[in-house]
Amino acid sequence: MKNYGLIVLLAFLLAACGGTEQQHNTTMPGACEMLTLKQLEDILREPVENPIATTANVGERSACTFTLPGRAKDDNLVIYILNSNIRKDPAQFDALVAEWQARNMGAEYQTESVSGYPMAYFPGEHNVYPPTFLISFNQIDLAIQGASRDDAKSIAFRAMVQYQWK
């Protein structure tokens with residue numbers, strides 16, 4: 001009888017530990033799998049094709065380049081899932097923005113915060129650097145290039161809802 005009580009108690013403890021881990025474990029897709037082509041087409045209101053996993057640079061967990069056939073040959077959509085783990089910290093987000101500003105040759109940018117999500121947008125300059133949008137969630141930080149500010153926000157928030165990021 002004592003053994004049955006011990007087994008039941010042990011089972012409850014294991015279940016509790018497993019449940020806690022599941023609450024903290026968030027789905028992290030690859031950049032090419034984050035949203036479907038159909039979802040991206042609905043947001044951008046244009047065809048989106050050929051997702052190609054791109055070699056991630058330093059600070060990037062995953063990157064994907066999508067062809068936009070209705071645009072110029074080198075005008076692509078690129079989604080980066082970053083390794084930064086900023087967790088919406090303003091000082092760390094400013095450092096991330098500074099890094100991307102250096103990548104974009106010192107370009108000017110606009111920042112904003114909607115519902116506590118820090119965001120920055122570099123409008124882009126044709127044949128110099130693409131429009132670039134940065135956003136930080138608790139679980140993940142994203143950079144989206146080649147989309148307007150509103151479309152990039154829609155991509156980020158669609159993924160946020162789909163994967164239950166906060």
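1. Val 58 is a convenient place to enter this predicted model, since at 74% relative accessibility Val 58 counts as exposed. Val 58 sits in the loop between β1 and β2 (60-67), and its C-alpha atom lies 8.6 Å from that of Asn 83, a residue 25 positions away in sequence.

2. The packing of two helices comes next. Two packed helices are described by the angle between their axes and the distance between the axes. For helix α2 (residues 37-44) and helix α4 (residues 149-163), the axes come within 9 Å and cross at roughly 140°. The two helices are therefore oblique to each other, because an angle has to be over 145 degrees to count as roughly antiparallel. As for handedness, the crossing in which α2 passes α4 is right-handed.

3. On the side of α2, the residues that make this contact are Gln 39, Leu 40, Ile 43 and Leu 44, while α4 contributes Asp 151, Ser 154, Ile 155, Arg 158 and Gln 162. Sorted by class, the contact between α2 and α4 holds 4 nonpolar, 3 polar and 2 charged residues.

4. Asp 151, one of the residues of α4 in that contact, deserves a paragraph of its own. Asp 151 is placed in helix α4, and at a relative accessible area of 8% it is buried, because buried means under 20%. When residues up to four places away in sequence are not counted, Asp 151 touches Ile 43, Leu 44 and Arg 45.

5. Which residue forms a salt bridge with Asp 151? The partner is Arg 45, and the closest N and O atoms of the pair are 3.1 Å apart. This pair links distant parts of the chain, with Arg 45 in the loop between α2 and β1 (49-54) and Asp 151 in helix α4, 106 residues apart. The two ends of the bridge fall into separate accessibility classes, as Arg 45 counts as exposed at 62% relative accessibility, whereas Asp 151 counts as buried at 8%.

6. The backbone of Arg 45 also merits a look during review, since this residue has a positive phi of about 60° although it is not a glycine. Gln 164 likewise has a positive phi of about 60° without being a glycine. Gln 164 is found in the segment after α4 and is exposed, with a relative accessible area of 64%, and Arg 45, in the loop between α2 and β1, is exposed at 62%.

7. How many salt bridges does the count give? The count comes to 8 salt bridges, and a further one to inspect is that between Arg 103 and Glu 99, whose side chains meet with an N to O distance of 3.3 Å. Both residues lie in helix α3 (residues 90-103), where they are 4 residues apart, about one turn of the helix. Arg 103 is partly exposed, with a relative accessible area of 32%, and Glu 99 counts as partly exposed at 38% relative accessibility.

8. Another salt bridge is formed by Arg 149 and Glu 112, with their closest N and O atoms 3.2 Å apart. The pair links distant parts of the chain, Arg 149 being in helix α4 and Glu 112 in strand β4 (residues 110-114), 37 residues apart. Are these two partners buried, partly exposed or exposed? Arg 149 counts as partly exposed at 24% relative accessibility, and Glu 112 counts as partly exposed at 25%. Elsewhere, salt bridges that share partners join Glu 46, Arg 71 and Asp 75 into one network.

9. The surroundings of Arg 149 complete the account of that residue. Leaving aside neighbours within four places in sequence, Arg 149, a residue of helix α4, is in contact with Gln 110, Glu 112 and Tyr 121. Glu 112 is therefore both a contact of Arg 149 and its salt-bridge partner, because the N and O atoms of the pair, at 3.2 Å, are within the 4 Å that a salt bridge requires. The C-alpha atoms of Arg 149 and Leu 134, which are 15 residues apart along the chain, are separated by 9.7 Å.

Conventions
Residues numbered from 1 in each chain as written. Predicted model: local features only at pLDDT ≥ 70, side-chain atom pairs only at ≥ 80, totals over all residues. Heavy atoms only, no water. Axes fitted to C-alpha atoms, helices over the stretch in contact; angles between N-to-C directions. Parallel < 35°, antiparallel > 145°, perpendicular 65-115°, else oblique. Left-handed = near helix turned anticlockwise from the far one by under 90°. Contact = heavy atoms within 4.5 Å. Nonpolar A, V, L, I, M, F, W, Y, C, P; charged D, E, K, R; others polar. Buried < 20%, exposed > 50% of the residue type's maximum accessible area, 1.4 Å probe, protein only.
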